[in-house]
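Here is a short tour for the bench, covering metal sites and pockets. Have the model open as you read along.

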Amino acid sequence: AETSHTQKIVTYTPELSNALNQRVSMIKALKLAIANNELVPFFQPQLDLNTGELVGAEVLLRWIKPDGTLVPPFTFIPLAEASGLILPIGKLVLEQACQLNKQWQDKGFKPFRVAVNVSGVQFDQDNIVDEVSNALTLSGLEPKWLELEVTETALMADINEIIAKLSQLRELGIELAIDDFGTGYSSLNYLKRLPINRLKIDQSFVRNVIDNEDDQAIIEMILNLGKSMKLSVLAEGVEGPAEEAFLKSMNCDEVQGYYYAKPMPTSDFEVYLQSINKA
Ligand code: C2E
Ligand code: CA
Ligand code: CA
Ligand code: CA
């Protein structure tokens, strides 16, 4: 046993330190990316399904490297969360989102919410409420035009603490949505106690809704839940007219997805805003 133990160390150390080195250099690169403004917000429209009007825009972060390479969030957000870098990143996204939304209103575009993803790590912080409050004050954005998206799994800690924090956020006047709804394990009893405004149906249910009766049943259930709890329900990942038709037949409130628009950089999003504000 002694020998194999030693052997293990000899065999695995180089690989381990390789993996570690890679992580360390990724974290360094991410730090530099923050300093060099390589993390940029993209915006994806959220529409009222009844009227087709723009009601919100979700901020989706992209890492654009100096050579133009676009790094998708699933590769760097987990690393940012594990290293704690999600805290400065999250603060930046929040501030930029509020500032840009205020600027769009000042330019005369019809007001809509800006929806910012808040990681569980960020939500667990004691000063998240101050951070949101500061972003609002700095930008001058009216609180009702800011929404935070928090995942169901981020809300799985001590319920009293979570309710207290969500209530403080709601008292600021902002809106709260539960993201990826249906993929976590919140009980209805739990959900009932949360001071939230909106449920976002996870795209995994929307994707196959045409062929999959289970997904149809789940979506119908979430919509009924929303109705009885007086919560607005948004379906994300809508990619085509058949999905839209199903959601319409079920009286879903809001939609978001490639069928309407992909996430766009600020400049393209402004062109989009101009086009819908003229129409
Ligand atoms: P999410 O919050 O669930 O965001 C929805 C994802 O679905 C986005 O991926 C969006 O681009 C994509 N999407 C939208 N419509 C469609 C569609 O019709 N079909 C398909 N297949 N996909 C669609 P994205 O931008 O790659 O972001 C992935 C995840 O990264 C997000 O999932 C979110 O969890 C995280 N993320 C992105 N930006 C931020 C951020 O600023 N902060 C934090 N904490 N997380 C972020
Ligand atoms: Ca989201
Ligand atoms: Ca989501
Ligand atoms: Ca997700």
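The notes below start with the calcium ions and then turn to the pockets.

Please keep in mind that this is a predicted model. Glu-58, Asn-117, Glu-149 and Asp-179 coordinate the calcium ion (ligand 2), and Glu-58, Asn-117 and Asp-179 are also among the residues closest to the centre of the largest pocket.

**Calcium sites**
- The calcium ion (ligand 2) sits at 2.2 to 2.3 Å from its donors, which are OE of Glu-58, OD1 of Asn-117, OE of Glu-149 and OD of Asp-179.
- Along the chain, these donors follow the spacing E-x58-N-x31-E-x29-D.
- Asn-117 belongs to strand E4 (residues 113-118) and Asp-179 to strand E6 (residues 175-181), with their positions 62 residues apart.
- Asp-179 is buried because its relative accessible area is 7%, under the 20% cut-off, whereas Asn-117 is partly exposed at 30%.
- Asp-179 also bridges the calcium ion (ligand 2) and the calcium ion (ligand 3), which are 3.9 Å apart.
- Asp-180, in strand E6, provides the OD donors of the calcium ion (ligand 4), at 2.7 to 3.0 Å.
- The calcium ion (ligand 4) is 6.0 Å from the calcium ion (ligand 2).

**Largest pocket**
- This pocket holds about 1,000 Å³ of space.
- It has 37 lining residues, with Leu-60 and Pro-73 among the closest to its centre.
- The lining comprises 15 nonpolar, 11 polar and 11 charged residues.

**Second largest pocket**
- About 170 Å³ of space lies here.
- Helix H11 (residues 266-278) gives the largest share of the lining, 3 residues.
- The lining residues include Leu-47, Lys-110, Phe-112 and Tyr-272.
- By class, 6 are nonpolar, 2 polar and 2 charged.

Methods: Residues numbered from 1 in each chain as written. Chains lettered and ligands numbered in written order. Predicted model: local features only at pLDDT ≥ 70, side-chain atom pairs only at ≥ 80, totals over all residues. Heavy atoms only, no water. Donors = N, O, S within 2.8 Å, 3.2 Å for Na, K, Ca; no water. Helix = DSSP H or I, 4+ residues; strand = E, 2+ residues; numbered from the N terminus. Buried < 20%, exposed > 50% of the residue type's maximum accessible area, 1.4 Å probe, protein only. 1 Å grid on protein atoms, 1.4 Å probe; cavity = no way out; pocket = protein on both sides within 12 Å on 5 of 7 lines; lining within 4 Å. Points joined across faces, edges and corners; volume = space filled by probe spheres on them. Nonpolar A, V, L, I, M, F, W, Y, C, P; charged D, E, K, R; others polar.
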